[in-house]
Amino acid sequence: MPTENRTTLTPDTPVRYLKGVGPKTAERFEKLGIVTLADLLCHYPRRYIDFSKPYSIAEAPADTECVVKAEVFAKPGGRILPGGRRMERITAGDDVASLEITWFNNPYATQKLQLGQEYYFQGIVTGGMLRRQMVNPQVRTAEQIQAAPFEAVYPQTEGLTSSAISRCIRQLLPHAELLPDPLPPEMLQKYRLLPKAKAVCAIHCPATEEQAAAARRRLIYEELLVLQLGIGRMRSRGAAATGAPMRRADPAPFWQSLPFAPTGAQRHAVEEILNDMAGDTAMNRLLQGDVGSGKTLVAAATIWACIRAGYQAALLAPTEILAAQHAEGLNRLLAPFGMRVALLTGGMKAAARRTTLAAIRNDEADLVVGTHALMSEGVEFARLGLAVIDEQHRFGVRQRGALAEKAANPHLLVMSATPIPRTLGLLIYGDLDISILDELPPGRTPVKTRCITGKRRQDLYRFLDSEIDKGRQVYLVCPAIEDVPDGGLNAVKTYYEDIAKTLLPDRRVGLMHGKLKPKEKAAVMEDFKAGRLDALVSTTVIEVGVDVPNASVMVIENAERYGLSALHQLRGRVGRGAAESWCFLVSDNTSEAVQKRLKFLCSTTDGFAVAQYDLETRGPGDFFGSRQHGLPTLQIADLMNDTRTLHAAQSEAAALLAADPLLESPAHALLAAQVQQMFDKAGPMN
Ligand code: ADP
Ligand code: MG
């Protein structure tokens with residue numbers, strides 16, 4: 001019995017009741033998102049070490065992790081190295097070659113090894129044919145391998161290694177039946193899927209490759225079904241009658257009030273939107289356009305038409321900086337028509353918040369711009385007719401629905417710069433209609449992008465200085481404060497001081513990061529916008545939406561740390577005016593993959609090409625990171641590769657929901673709970 005002071009285990013029993021799991025370990029498990037026994041059983045391995053096909057010493061690939069089978073030839077014992085490190089060494093060999101194996105600071109490593117016995121050593125073989133070596137390998141006996149030929153490798157965290165996780169999971173596997181199977185038996189039969197408990201045992205401790213594959217297939221299917229059910233349920237509002245019927249508006253007065261003409265693409269998108277909003281069913285539209293294509297103006301025209309028709313509108317933005325910018329910009333456009341704009345953010349003082357809430361409730365605010373705070377309780381609209389969501393991929397799918405629930409089926413417009421492949425689009429957006437801005441406002445010159453190493457920093461600052469001389473402004477982006485432990489990285493504050501004191505000593509430099517108070521953020525942004533700052537040192541909080549057309553240079557430090565889509569977004573902060581603009585990707589990382597990725601960004605300014613490349617190469621924070629699409633993080637399924645299962649799950653989910661739209665039948669209770677859990681975890685991205 002693996003418990004200490006509980007006799008009955010349930011899936012909800014906390015992991016700390018497991019033998020060998022103290023409070024510290026429990027805390028580390030929590031970092032991996034593991035709180036209960038069910039969580040632990042469902043912490044699936046990332047890959048396996050296959051002990052069943054060992055190499056001979058001569059054939060073992062050099063410098064690659066592998067398993068070697070060899071006999072212990074000599075066991076001379078350990079010694080202490082200068083500096084106090086302990087070292088144990090043995091010589092192992094087979095008919096052809098020998099292998100020198102060393103362990104550091106592991107006095108027990110060789111204790112159980114017997115001279116003349118064969119063992120399996122897993123590690124990296126280095127050195128030439130004459131002196132092959134291995135350091136700190138894992139050792140297994142033939143019996144051990146017979147019992148478990150594949151060893152699971154788990155996502156680990158500091159202080160909690162894969163093998164420690166493995167030990168905990170193995171003591172639990174005899175209790176795998178604890179996990180109820182959410183899939184109905186007919187479904188298991190139809191798709192020839194393993195029952196849950198069997199699949200869980202097999203994924204952790206497979207006897208054969210086929211068993212591991214069958215377990216994966218079952219668990220992937222389950223995960224995708226739950227995902228589809230969750231999305232499908234939110235979508236069920238779909239083609240319902242709108243609660244905000246409107247007459248078809250003529251946007252001419254709005255267009256005439258602008259200092260410039262809308263692009264053809266903007267006009268076209270607005271026509272599509274106005275047609276939607278004049279129909280009987282609620283609009284459900286995605287506006288997709290690359291960074292800088294002018295999505296805000298389309299939103300403004302839509303909001304204008306909605307207010308004209310006698311309704312309120314709401315605009316949701318992912319950051320306070322962006323919300324403040326939108327409130328100000330939209331106020332400039334709408335105030336001439338007597339329309340009243342309010343701003344609601346989480347950082348507001350209680351009194352201001354009360355006043356704003358009252359205005360929203362009493363129909364004294366026509367447009368409310370805000371962050372997540374917009375979706376909180378207490379926000380009640382008098383007559384919400386339209387919800388607009390900017391940078392929608394930054395929000396969980398659930399939040400997208402939450403704003404629309406503030407009224408009886410208002411029209412919904414979501415905006416994003418991230419182009420997505422069709423299959424995934426259908427999955428995420430379902431039956432959303434799509435408008436595309438495929439034309440940039442006139443007079444833009446493409447941003448020139450260059451990769452440089454830190455060595456050229458002096459040249460870079462000379463260049464920044466000369467740009468500032470011309471009256472331009474610059475952004476310098478570097479990793480967040482939280483990132484400090486990682487040695488050579490520029491934490492934003494130190495970086496800021498360097499720049500303000502030594503690199504650009506005669507310039508006005510501002511500092512922006514997520515930990516600033518909302519008021520401070522607003523003040524810094526205001527100063528930068530008004531030209532009172534020449535340079536803005538910032539974390540990626542300015543990644544989305546920020547619009548300061550006079551800024552012409554973007555410098556991104558440690559560029560290798562960001563996915564291409566994020567870099568493209570950051571680059572989109574410049575090149576918004578007529579001036580020639582530059583983006584410098586600074587990186588000292590010489591890895592070929594990194595260099596190739598960054599070079600690619602230098603070669604194109606087309607967001608679609610960037611997303612495509614991201615998709616194919618899948619670098620850090622890639623397209624399928626939830627930051628790019630707002631879906632819950634998946635544990636085992638892969639949206640790109642498991643497309644066949646995805647389709648099967650999609651049709652099963654549709655059938656299930658058709659019969660039981662809210663998953664209320666007792667037979668679906670477990671599935672409903674899983675859906676809840678998956679989407680609860682998918683919180684806001686900021
Ligand atoms: P995004 O699509 O990235 O949200 P924005 O809406 O922020 O782009 O617009 C980028 C910039 O282009 C803004 O400074 C905006 O004022 C300007 N802009 C938008 N539409 C036009 C237009 N038709 N003509 C000239 N400038 C425009
Ligand atoms: Mg925008």
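How much space lies in the largest cavity? About 80 Å³, as the legend for the last close-up tells again. Please keep in mind throughout that this is a predicted model.

**View 1. Four domains make up the protein chain.** Domain 1 covers 6-47 + 156-219, and domain 2 covers 53-148. Further along come domain 3 (252-437) and domain 4 (448-622). Between the C-alpha centres of domain 1 and domain 3 there are 43 Å.

**View 2. Seven parallel strands form an open sheet.** Reading across, the order is E11-E12-E10-E13-E14-E9-E15. Strand E11 (341-344) and strand E15 (433-437) are found at the edges; each has a single partner strand, so one side of each is left without a neighbour in the sheet. From one strand to the next, the twist averages 20°.

**View 3. Here we look at the pairing of strand E10 with strand E13.** Residues 312-316 make up E10 and residues 384-389 make up E13; five bridges join the two in the parallel sense. Look for Gln312, which has Leu384 of E13 opposite.

**View 4. Helices H10 and H12 pack on the sheet.** Helix H10 (residues 295-308) touches strand E9 (284-289), E10, strand E12 (367-370), E13, strand E14 (411-416) and E15. The directions of H10 and E13 make an angle of about 175°. Helix H12 (residues 350-361) touches E10, E11 and E12, and its direction makes about 135° with that of E11.

**View 5. The second largest pocket holds about 1000 Å³ of space.** Its lining counts 39 residues, and those nearest the centre are Phe260, Thr296, Leu297, Asp547 and Arg576. H10 and helix H11 (320-334) are the elements that give two or more residues to this lining. The largest share, seven residues, belongs to H11. Sorted by class, the lining has 16 nonpolar, 13 polar and ten charged residues. Domain 3 and domain 4 each supply at least three residues to the lining of this pocket.

**View 6. The largest cavity lies between two domains.** Two cavities of 30 Å³ or more are present in the structure, and the largest encloses about 80 Å³. Ten residues line the largest cavity, with Ala417, Thr418, Pro419, Ser565 and His568 nearest its centre. Helix H18 (564-571) and helix H20 (607-617) are the elements giving two or more residues to the lining. By class, the lining of the largest cavity has four nonpolar and six polar residues, with no charged ones. Why does this cavity lie between domain 3 and domain 4? Because both domains give residues to its lining.

Methods: Residues are numbered from 1 along each chain as its sequence is written. Chains are lettered from A and ligands numbered from 1 in the order in which they are written. This is a predicted model: local features need pLDDT of at least 70, side-chain atom pairs count only at pLDDT 80 or more; totals for chains, interfaces and linings use all residues. Side-chain values use heavy atoms; hydrogens and water are left out. Two strands pair if DSSP finds at least two bridges between them. Helices (H or I, at least four residues) and strands (E, at least two) are DSSP runs, numbered from the N terminus. Axes are lines fitted to C-alpha atoms, for helices over the stretch in contact, and angles run from 0 to 180 degrees between N-to-C directions. Contact means heavy atoms within 4.5 Å. On a 1 Å grid over the protein atoms alone, a cavity is a set of points where a 1.4 Å probe fits but cannot get out, and a pocket is an open set with protein on both sides within 12 Å along at least five of seven lines; lining residues have an atom within 4 Å of a point. Grid points are joined across faces, edges and corners, and a volume is the space filled by probe spheres set on the points. Ala, Val, Leu, Ile, Met, Phe, Trp, Tyr, Cys and Pro count as nonpolar, Asp, Glu, Lys and Arg as charged, and the others, Gly among them, as polar. Domain bounds come from an automatic or database domain assignment.
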